[in-house]
Amino acid sequence: MSTAEQQPPATPSDALLGPADIRELAEVLGVRPTKQKGQNFVIDANTVRRIVRTAEVRPDDVVVEVGPGLGSLTLALLEAADRVVAVEIDDVLAAALPATIEARMPARKDRFALVHSDAMLVSELPGPAPTALVANLPYNVAVPVLLTMLDRFPTIERTLVMVQAEVADRLAARPGNKVYGVPSVKANWYADVKRAGSIGRNVFWPAPNVDSGLVSLVRRSEPVKTTATKAEVFAVVDAAFAQRRKGLRAALAGWAGSAAAAEAALVAAGVAPLARGESLTVEEFAAIAEHKPAAERPAL
């Protein structure tokens with residue numbers, strides 16, 4: 001008997017999944033959430049509706065969701081958006097999700113598409129181009145998945161992700177903040193980033209050992225103005241924070257070829273050689289990248 005056959009048709013008022021629904025679905029599927037996959041399923045309908053409201057999902061949006069799990073957030077997104085494309089890596093969860101959608105929200109099943117894949121490997125999505133990304137991201141891969149999706153799908157205008165509170169703080173940090181680092185700068189390359197709320201532990205099953213936070217990212221209306229490529233800018237960012245206790249003259253010595261060459265690039269970019277990476281904006285990192293010394297030609 002399929003999952004769809006085991007669930008009675010749902011009315012719009014009870015289409016979303018509650019705690020008993022989640023546990024019953026998991027039992028039927030033989031699903032045991034694992035730390036390895038970062039699985040913590042949202043069991044509170046009010047929370048997923050709050051996420052959809054905070055994400056400002058519109059009736060014309062094509063939303064991509066990464067890691068839909070048992071479908072809690074997916075169903076709430078389908079209530080509000082034009083279409084939802086869910087990307088799920090887990091074999092069992094991916095196989096069950098379409099049946100859950102059909103059982104609980106049959107009128108919207110044609111507005112749902114599933115991509116059974118690792119989000120890090122997805123280069124195209126079915127249907128119209130996505131306009132929004134809304135996801136409860138697994139803690140262990142949240143930042144790389146977020147950055148990859150923003151990079152590969154430039155039509156995504158608005159993003160709201162639920163991540164570990166510590167990760168949320170890092171993503172939304174501003175220059176000068178002690179947690180400002182690589183995720184902060186790289187996210188800001190794509191978007192204006194801000195904290196959008198906190199989520200307690202009791203809305204998940206199993207309850208995680210950490211709190212969660214919502215992060216809003218709105219795509220920049222204009223990209224960072226620079227002649228350097230994204231890869232060149234990110235190389236500077238990575239080098240600067242690899243030795244974050246050092247001044248940039250020393251931290252960028254390997255990147256530039258020597259401390260003296262790093263100082264020359266910094267001065268040319270208008271950045272103090274003894275400044276630290278945590279004080280710089282993404283625009284300043286881009287300026288440094290533009291002034292990387294040309295590689296010295298080997299002696300003949």
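Visitor: What is the strand order in the open sheet of seven strands?
Guide: This is a predicted model. Its open sheet holds seven strands, and their pairing is mixed. Read across the sheet, the order is 4-3-2-5-6-9-7.

Visitor: Which strands stand at the edges of that sheet?
Guide: Look for strands with a single partner strand. Such a strand has one side left without a neighbour in the sheet, so it stands at an edge. The residues to find are 112-116 and 191-199. They form strand 4 and strand 7.

Visitor: How much does the sheet twist from one strand to the next?
Guide: The figure is an average, taken from each strand to the next. It comes to 20°.

Visitor: In which sense do strand 7 and strand 9 pair, parallel or antiparallel?
Guide: Strand 9 covers residues 212-219. Eight bridges join strand 9 to strand 7. Within this pair, Lys194 stands opposite Ser216. The sense of the pairing is antiparallel.

Visitor: Which helix lies across strand 5, strand 6, strand 7 and strand 9?
Guide: Find strand 5 at 132-136 and strand 6 at 158-164. The helix across them spans residues 45-54 and runs at about 155° to strand 7. That is helix 3.

Visitor: What angle does helix 8 make with strand 7?
Guide: Helix 8 is made of residues 182-190 and packs on the sheet. There, helix 8 touches strand 7 and strand 9. Its direction and that of strand 7 make an angle of about 120°.

Visitor: Is Thr159 buried or exposed?
Guide: Thr159 lies in strand 6. Its relative accessibility is 4%. Buried means under 20%. Therefore Thr159 counts as buried.

Visitor: Which residues is Thr159 in contact with, leaving aside neighbours within four places in sequence?
Guide: Start with three leucines: Leu133, Leu146 and Leu150 are in contact with Thr159. Ser216, the residue opposite Lys194, also touches Thr159. The contacts of Thr159 are completed by Val215 and Leu217.

Visitor: How many helices and strands does the protein have?
Guide: Now take the whole chain, with its 300 residues. Of these residues, 50% count as buried. The secondary structure comes to 13 helices and nine strands.

Visitor: What share of the accessible surface belongs to carbon and sulfur atoms?
Guide: The C-alpha trace spans about 75 × 40 × 35 Å along its principal axes. The accessible surface comes to about 14300 Å². Carbon and sulfur atoms account for 52%.

Visitor: How far apart are the mean positions of the positive and negative charges?
Guide: The protein has 33 positive and 34 negative charges. Take the mean position of each set. The distance between the two is 6 Å.

Terms used
Residues are numbered from 1 along each chain as its sequence is written. This is a predicted model: local features need pLDDT of at least 70, side-chain atom pairs count only at pLDDT 80 or more; totals for chains, interfaces and linings use all residues. Side-chain values use heavy atoms; hydrogens and water are left out. Helices (H or I, at least four residues) and strands (E, at least two) are DSSP runs, numbered from the N terminus. Buried means under 20% relative accessible area, exposed over 50%, partly exposed in between (1.4 Å probe, protein chains only). Accessible areas come from the Shrake-Rupley method with a 1.4 Å probe; for residues, only the protein chains shown count as cover. Lys and Arg count as positive and Asp and Glu as negative; His and the chain ends are not counted. The place of a charge is taken as NZ of Lys, CZ of Arg, CG of Asp or CD of Glu. Two strands pair if DSSP finds at least two bridges between them. Axes are lines fitted to C-alpha atoms, for helices over the stretch in contact, and angles run from 0 to 180 degrees between N-to-C directions. Contact means heavy atoms within 4.5 Å.
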